[in-house]
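Okay, thanks for coming, everyone. I've got one complex to walk you through, so let's put it on the screen.

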Amino acid sequence: MPKRTDIKKILIIGSGPIIIGQACEFDYSGTQACKALRAEGYQVVLVNSNPATIMTDPETADRTYIEPLSREYLEAIIAIERPDAVLPTVGGQTGLNLAVELAETGVLETYGVKLIGASLRAIKIAEDRLLFKDACRKIGLEVPASAVVTNIPEAITLADELGYPVVIRPSFTLGGTGGSIAYNREEFSDLISRALDASPVHQALIEESVIGWKEFELEVMRDVRDNFVVICSIENVDPMGIHTGDSITVAPAQTLTDKEYQRMRDAAAAIIREVGVETGGSNIQFAVDPETGRMTVIEMNPRVSRSSALASKATGFPIAKIAAKLAVGMTLDEIPNDITRKTPSCFEPTIDYVVAKIPKFQFEKFPGSESTLTTQMKSVGEVMAIGRTFQEALCKAIRALEPSTAWRPPAEVNTALLREKLHVPGPDRLHWLFEALERGMTREEVCDLTRIDPWFIRQMEEMVALDQRVAASSLETVSRELLLEAKRSGASDEELAKLWNVSSADIRARRHEFGVRPVFKRVDTCAAEFESFTPYLYSTYEDEDESAAVDRPKIVILGSGPNRIGQGIEFDYCCCHAAFALKEDGFETIMVNCNPETVSTDYDTSDRLYFEPLTLEDVLAILDREKPQGVIVQFGGQTPLNLALALKSNGAKIVGTDPESIDLAEDRRRFGRLLDELKIPQPRNATALAPDEAVRAAKEIGLPVLVRPSYVLGGRAMVIAYDLKTVEDYVIQAAQIGTTSDPKRPILIDQFLEDATEVDVDALADGEDVVIAGIMEHIEEAGIHSGDSSCVLPAVTLKPAVLEQIRSYTSRLARALNVVGLMNVQYAIQRDTVYVLEVNPRASRTIPYVSKATGVPLAKVAARLMTGRKLKDLHLPVIETNGVKELAVRDFYAVKSPVFPFNKFRGVDTILGPEMRSTGEVMGVSSTFGLAFAKAQLAAGQRLPLEGTVFISVNDHDKRHVASVAKELATAGLKIIATRGTATALTRAGIEVEGVYKVNEGRPNIVDLIKTGKVHLVINTPLGRESFYDEKSIRRAAIRYNVPCITTLSAASAAARGIRAMAGHAPDVAALQDLHRRKSAALP
Amino acid sequence: MGANSEDEESSKTYIEALVVRDFSSIASNWRSAESAHEYLERHGVPVIWDVDTRALVRHLRDAGALRGVLATDGTPAEQLIAEARALPLMAGQDLASRVTTAKKYDWTQGSVALIKPLAAAAGAGLLSAGRAGKSAAAAKAKAALAPDEGRRYRVVAYDFGIKQNILRLLADHACSVTVVPAKTSAEDVLALKPDGVFISNGPGDPEPVTYAIANIRKLLGRVPIFGICLGHQLCGLALGGRTFKLKFGHHGSNHPVKNLLTGKVEITAQNHGFCVDPDSLPASDVEVTHINLNDFTNEGLRHRSLPLFSVQYHPEASPGPHDARYLRRPLPVR
């Protein structure tokens, strides 16, 4: 059917900041949708608060709004843009929920905007568990017995009836937030109250448990002609009870016969029809009883999802792109398959390989959190690997996870603990599983404990058996056959090296001697039935190589691997930009990455895509095949940087800044000498291996000091020590877990600059010239990890002399390190002295944000510099002061704010510190700093109140400065309440304040007030250990009851300015395309 | 997954060997009665695994369907190639007569409970005319077009290598089926007084199966005829068309077929090396009803005035998707 002509302009709603359960996959889907709709001639208006996305690049949509994803801002955008339709299905749960809100509040009707892709009715049925269950029952499908509850007594009665364990799912939350399993009534009454709170409609479903059943997902599509196809089947290795985002999954399904699979397919078709998703992709989950085959429907997502991103990457079928085209009325049979070109998209992909996905967890970042895996998603990222067999795919996925060698439990672990680790799923269960098999635990027992299907366990048994055969051999005696067999089953050189106690290089040499090298095969949607035109490749050890490398100038770009805290979408953004720029410059671009959520692993992004782990072995094999002119390592974060020196010594040409310079910047001693030579100050610092040494060093430096490991292992956090005891304890503890046994990895001790302002600077350099890209002032003071701090561009409070100093230092550092490409410097400014904290001669987390704020695509420029072009030829809009060039800033403020996953980690304190814990970021733009900050806060989920009550409790240090903040808040019309100490300080400053009890002082105390909705903003700066419990409970309550909570005085001050700016202000919105056309502001 | 008797499609296996990349040594499935290994050993089918099957597929894609030999006894490659070359080509051979039943038998067994149709089964019918006085939906809900309560249709099925799932589905649709050998004469079939005649699937080239073509011509117009796969090709030949050999045939369960009567696409299971040339069919008598969207070859036809329709793909789909299960046509009640 031809596309709709009654629609010309389409609004796409993005998914906002990266959070657990909603990550880069929606940048991938949103970007695809924008591209697909524009290719069909539609105008696209995009709104998303996340600047680190490709979709918010000004080139991706016709009109791009980086604005808070809230109803009032959306309405303002709709009023300006007057789109004909809104596509709500590519922006995750956030986009879908917002579209529903816009429909239900009449905004869509007022402005005559149609919902396309999914009707309100279909969304309602799919999203409302009860309606969905009714729909399934109506068409003769089984669903787990369940009931919806809205209060606790009723819930307990029903749970008793259903029997324990019972599953609790709050309504309308994403990533299963607030979901859990209760094994008895005591647990249940606690968990149900949390679930009801988590639900925006105070409603939860309690459900018969199908824990331990086999779990399957089908990714399906349907068009207006009612054509229906299954794109991919996915089987969860981990059974029901673990959120699919936290499960190891495999595609295609491995343990269903055709009849069982077809039954599931029929059910999926019937469901999508009954629910009424007329066009687009859906994800439908099923549980199958392994004993009887009884199949029940679990849930459906009437939109593209994390699973659909995985399915797209697993099959080569671009679900989001096709879904966008279907939404405007096209049919599957009239959309060609990009990969084969000759056949239509109306088909079901065939997979002649196996895909494994493993989630990436970071519980170590959240001490005190419960690391048991449940129905609420807790992983921060994932890797995918492709192999020709399950074993090969699993091995490749394990080594893609980083660290690349499988972690093994210590030998002294007893069997009882081992059993528990198998029975209670945690983030490392796979490793415990291998340990158990190695120790000879029977398959039956392992299956019984884990409820993992025996087929998978058998595969792992075979892997263990092969390992044991290999271990019995040696580098010298191994036969070609055995080595090949090991490689075919997925063993990495690194693993073999460990088994034989030799180096990976030895293994590689031996392999090459035997001619055992990988070949590359294509992902082509059709198992080679038709020719493929997109080189989307994976390695395996077989006969025929299909890479068909061509001889033309080419550059390999190494991606950033799985998302994790501190290394996420920002780096994928940079890698994509490198590919875009170099393609424009005539290079063949080759991407290597293993993260299925990303835009970089879209086969459309680069000329060639290698979906491979980012290990030395895998990358060298690709370089061997491609023989590129250069390799880019500085865009993918730490992952490719860690490979840089080894790649170079193996003959790879690293383009851009020399790996030696990168190494120098990371070597404290050498870098310290460089700073001395350049006469650039840095905080006093020292290293120590032993507690007494550390204490001595701390004394010399002067307290407070920042103590941290030189190599972050197992999440050992940095701490700020105000006393020597803390320093000593830290080193003793580090010694206990073995981090200091290596003299190359001492404990690092730095002078901590109290009350310093932190500044982030990004710069471009070509070896001759330097251009400062942005000087960002942090809102939170130094000591808070730069990734967890809000920042503003241009700087707001820095004096001209300080800026001058920063420019000069940055320029000198870039030249001294001979930077070609990007460099990031972190400064701390204390009493007008500028100290260098850290230099990273590579792309930083702030690159996309600065690019959006300045209108200059920094990563693209950097890629060009790395491949030989010069700054002077690129004609950037720069302003020169005292011989230093800087990108012109526009006449608006852009504030970046972090987003934290605290609501997923119960019991974790929310105070900020030197260890990064945010998962994502948002940007707020406005003509004043206050408004830009308030918008950023709103976008980050902290809606600053314009009226109501503010609770203030600050430490003694902050009491000196709290008055000005309180005054501003009071002027804005907010009532102020405070605990005793703070109240005294405020009263003394002449501010009207009401006292309130601390938690242990009586009732109603502050937590009671938060719970009952009487507090609308919490300002609580950490007091120190003695009142730890009290504070933590305040902050936890704020998170739980969704009250904005600010933990630093500087942020409180910014918030006060924001509140005053917001008051009486209608939402102001501006398209990026217009902002970038605005005049530049003069530099201070 | 292993093997079970419920999923069997014929009384014995007809493949001569199995070539796979990875062969699982265990079965894990609640319906499994034996492992794949045990099943194939019982049927004397050799398996070779650890083969770069993708390379093999790419070779066949370029070279077309080939004859092959599997050997483990160390015979030199040249000799094996010579042996393969000496094998008869599929074209020109009547393979149906080798696999057909020796004598006629009755079939009554329906589908296993696992795959009973859902209450709201997919799609509208090919020939949507339901029985008078009954809505299409009601007929669908019954999931069968029974002539009357208690009465069953009598269908005679020619066996050219019939898949048992076709028989099960006919039984599900209130048919009492008599399966007859390939060479049964039209007269003998008519003597059984069938309500309809089914022309089955089967291996190889339809052209040499001249006796079947002749029988279909005799039956045409005297009894409703429905053909699948080889049966479709035989119908095409009987109606005056020609068939030709495809380069590497259609195999697998994901072939998109467009129903030209409804404009809808169904994902189908296919397994054939020959094909009806639609241009060779007399357009005045025969209408093309289905085409393959990958290569636009013919996938279905019907006679414009007489009760005959046939499809190239396998609507009974076992294995394969059930999109085309709607294919049924009300038979006149006599």
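Before anything else, a bit of vocabulary: we call a helix crossing right-handed if the near helix is turned clockwise from the far one by less than a right angle, and left-handed if it's turned anticlockwise. Keep in mind too that this is a predicted model.

So, which hand does the crossing of H14(A) and H16(A) have? Right-handed. In chain A, H14 covers residues 429–438 and H16 covers residues 454–471. Their axes sit 10 Å apart, and the packing angle is about 60°. On the H14(A) side, the contact is made by A:Leu433, A:Phe434, A:Leu437 and A:Glu438. H16(A) answers with A:Met460, A:Glu461 and A:Val464. Sort the residues of that contact by class and you get five nonpolar, two charged and no polar.

Now over to chain B. We've got 334 residues there, 37% of them buried, and the secondary structure comes to nine helices and twelve strands. If you take the contacts in chain B between residues at least 6 apart in sequence, 72% of them join residues at least 24 apart.

How about confidence? For the complex, the predictor gives an ipTM of 0.90 and a pTM of 0.93. Chain B has a mean pLDDT of 86, with 86% of its residues at 70 or more. One stretch to flag: residues 115–147 of chain B, where the pLDDT is below 50. That stretch still has 55 contacts in the model beyond near neighbours in sequence. But where pLDDT is low, the predicted coordinates shouldn't be read in detail.

Okay, that's my bit.

Conventions:
Residues numbered from 1 in each chain as written. Chains lettered and ligands numbered in written order. Predicted model: local features only at pLDDT ≥ 70, side-chain atom pairs only at ≥ 80, totals over all residues. pLDDT = per-residue confidence, 0-100. Contact = placed C-beta atoms within 7 Å. Helix = DSSP H or I, 4+ residues; strand = E, 2+ residues; numbered from the N terminus. Buried ≥ 20, exposed ≤ 12 C-beta atoms within 10 Å, placed from the backbone. Axes fitted to C-alpha atoms, helices over the stretch in contact; angles between N-to-C directions. Nonpolar A, V, L, I, M, F, W, Y, C, P; charged D, E, K, R; others polar.
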